[in-house]
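Please explain how the sheet of this protein is arranged, what packs on it, and where enclosed space is left in the interior. A walk through the strands and then the cavities would be welcome.

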Amino acid sequence: MRITDAKVIVCSPGRNFVTLKVFTDQGVYGLGDATLNGREQAVVAYLVEHCIPALIGRDPRNTEDIWHYFYRGAYWKRGPVTMAAISAIDLALWDIKGKVLGTPLHNLIGGKSRERVLVYAHATGHDAAEAVDAVAKKIGEGFLAVRVQAGVPGVARSYGVARGEGAYEPAEPGLPQEEVWDTARYLNFAPRLFEAVRSAHGDDVHLLHDVHHRCTPIEAARLAKELEPHHLFWLEDPVTAELQEGLRWVRRHSTTPIAIGEVFNSIYDVTTLVTEGLVDYLRTPLCHGGGITNLVKIAAFAATYHVQMGFHGATDLSPVNLAASLHFDLAINNFGIQEYMPHPDLTHEVFKTNYRYEKGYLSIDDTPGIGVDIDEAAAAKFPYRPASLPVARKTDGTAFHW
């Protein structure tokens with residue numbers, strides 16, 4: 001079997017997606033998600049100019065060798081653009097492998113460790129009262145775990161909360177919007193928010209919260225400590241973790257579980273976090289962290305140190321990635337929880353999916369490979385629209401990190 005061609009499909013059914021489609025001489029094709037929110041065209045260029053020409057003629061079943069060829073052959077290893085491209089290739093090849101063998105992806109990476117995948121929903125509000133009501137709605141929909149975000153009093157716009165009445169989307173048309181952020185107000189507000197949620201909904205629902213990297217290590221330590229009475233399932237991205245040692249401060253002062261890693265793309269991003277026990281959940285997505293070939297290794301490394309996986313699953317990743325993540329979640333022993341933001345109806349006009357939600361869990365059928373397909377004619381109706389993630393500034397005007 002040989003790869004005969006590959007193409008990149010860029011479309012925007014509700015938001016931008018980049019899909020790699022790899023063809024073989026046996027008439028079987030595979031799909032990979034190459035979406036990198038706000039930098040989509042950079043990955044397109046990397047695939048078209050550098051990767052696809054080197055794919056032609058290779059045996060798609062040799063996933064390990066092809067992964068290392070593209071990772072090592074460029075010399076410039078790692079980085080979000082490179083790893084998004086490699087991830088898309090890897091996912092497409094595993095999709096082909098499953099189709100050729102007539103078996104779903106999870107059977108190729110160990111078979112089922114469980115029958116269904118625990119997921120968490122997003123509940124947001126412009127203030128604490130709205131957030132409390134939003135949590136009630138998600139509980140009513142059967143969710144057992146809910147991520148809670150709310151607007152911070154005195155802050156015009158809080159990341160993670162929809163600006164208007166529609167669904168939340170972090171990327172907006174054109175160049176990056178600038179937002180003003182006040183960490184002191186946030187640190188005072190967050191414990192009160194979760195006190196209100198627990199008071200209204202009790203202790204049975206799992207609660208999660210995303211800081212979006214906006215605290216220093218000592219600020220994050222204070223927040224994690226003050227949230228301890230509310231027993232969070234996890235506190236996500238409390239600090240920016242390019243400096244992995246920053247999580248030491250949080251761990252020294254709190255037992256609140258920590259999740260991090262959706263912007264990571266390599267096992268080398270997590271070595272200190274894992275070996276020193278500074279994190280409880282890793283969130284590196286399949287479509288950014290090297291695909292199945294690399295995430296199997298990361299998950300196995302994490303398992304040795306009792307760290308679980310909790311994949312990023314926002315709507316800025318396509319249904320191809322979500323389906324692949326569900327297969328992975330079913331297979332690995334150290335699965336924790338899966339983020340789940342349902343894609344809008346427009347997205348499902350383009351992507352044909354094989355997973356379903358029921359009572360707090362997602363399940364996926366036994367369609368060979370990943371199990372998701374793309375309607376190229378439908379995709380052509382939704383052309384790419386330039387969009388960017390926001391840039392935050394402190395109240396004094398200083399550009400701020402995520």
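**From the sheet to the cavities**

Strand S2, residues 17–24, is joined to strand S3 by 5 bridges, and the two run antiparallel. One of the contacts to look for in this predicted model is the bridge that pairs Phe 23 with Tyr 29 in S3.

The S2–S3 pair belongs to an open sheet of 3 strands, ordered S1-S2-S3 and paired in antiparallel fashion. Strand S1 (3–11) and strand S3 (29–33) each have a single partner strand and stand at the edges, so one side of each is left without a neighbour in the sheet. On average, neighbouring strands of the sheet are turned by 20° against each other, direction ignored.

Helix H3, spanning residues 80–101, packs on this sheet and touches S1, S2 and S3. The direction of H3 makes about 145° with that of S3.

Attention may now turn from the packing of the sheet to enclosed space. Rolling a probe the size of a water molecule over the atoms shows where empty space is left. With a cut-off of 30 Å³ or more, the count comes to 2 cavities.

H3 reappears at the second largest cavity, where helix H2 (63–73) and H3 are the elements that give two or more residues to the lining. The volume of this second largest cavity is about 40 Å³. Its lining consists of Thr 63, Ile 66, Trp 67, Phe 70, Ile 86, Ile 89, Asp 90 and Leu 93. Sorted by class, the lining of the second largest cavity has 6 nonpolar, 1 polar and 1 charged residues.

The largest cavity holds about 130 Å³ of space. Which residues lie nearest the centre of the largest cavity? They are Gln 149, Tyr 159, Trp 181, Tyr 186 and His 209, out of a lining of 15 residues. Strand S5 (145–150), helix H6 (183–201) and strand S8 (206–210) are the elements that give two or more residues to the lining of the largest cavity. Of these, H6 supplies the largest share of the lining, 4 residues. By class, the lining of the largest cavity divides into 9 nonpolar, 4 polar and 2 charged residues.

Taken together, the path leads from the antiparallel S1-S2-S3 sheet, through H3, which packs on that sheet, to the cavity lined in part by H2 and H3, and then to the largest cavity, to which S5, H6 and S8 each give two or more lining residues.

Key:
Residues are numbered from 1 along each chain as its sequence is written. This is a predicted model: local features need pLDDT of at least 70, side-chain atom pairs count only at pLDDT 80 or more; totals for chains, interfaces and linings use all residues. Side-chain values use heavy atoms; hydrogens and water are left out. Two strands pair if DSSP finds at least two bridges between them. Axes are lines fitted to C-alpha atoms, for helices over the stretch in contact, and angles run from 0 to 180 degrees between N-to-C directions. Contact means heavy atoms within 4.5 Å. On a 1 Å grid over the protein atoms alone, a cavity is a set of points where a 1.4 Å probe fits but cannot get out, and a pocket is an open set with protein on both sides within 12 Å along at least five of seven lines; lining residues have an atom within 4 Å of a point. Grid points are joined across faces, edges and corners, and a volume is the space filled by probe spheres set on the points. Ala, Val, Leu, Ile, Met, Phe, Trp, Tyr, Cys and Pro count as nonpolar, Asp, Glu, Lys and Arg as charged, and the others, Gly among them, as polar.
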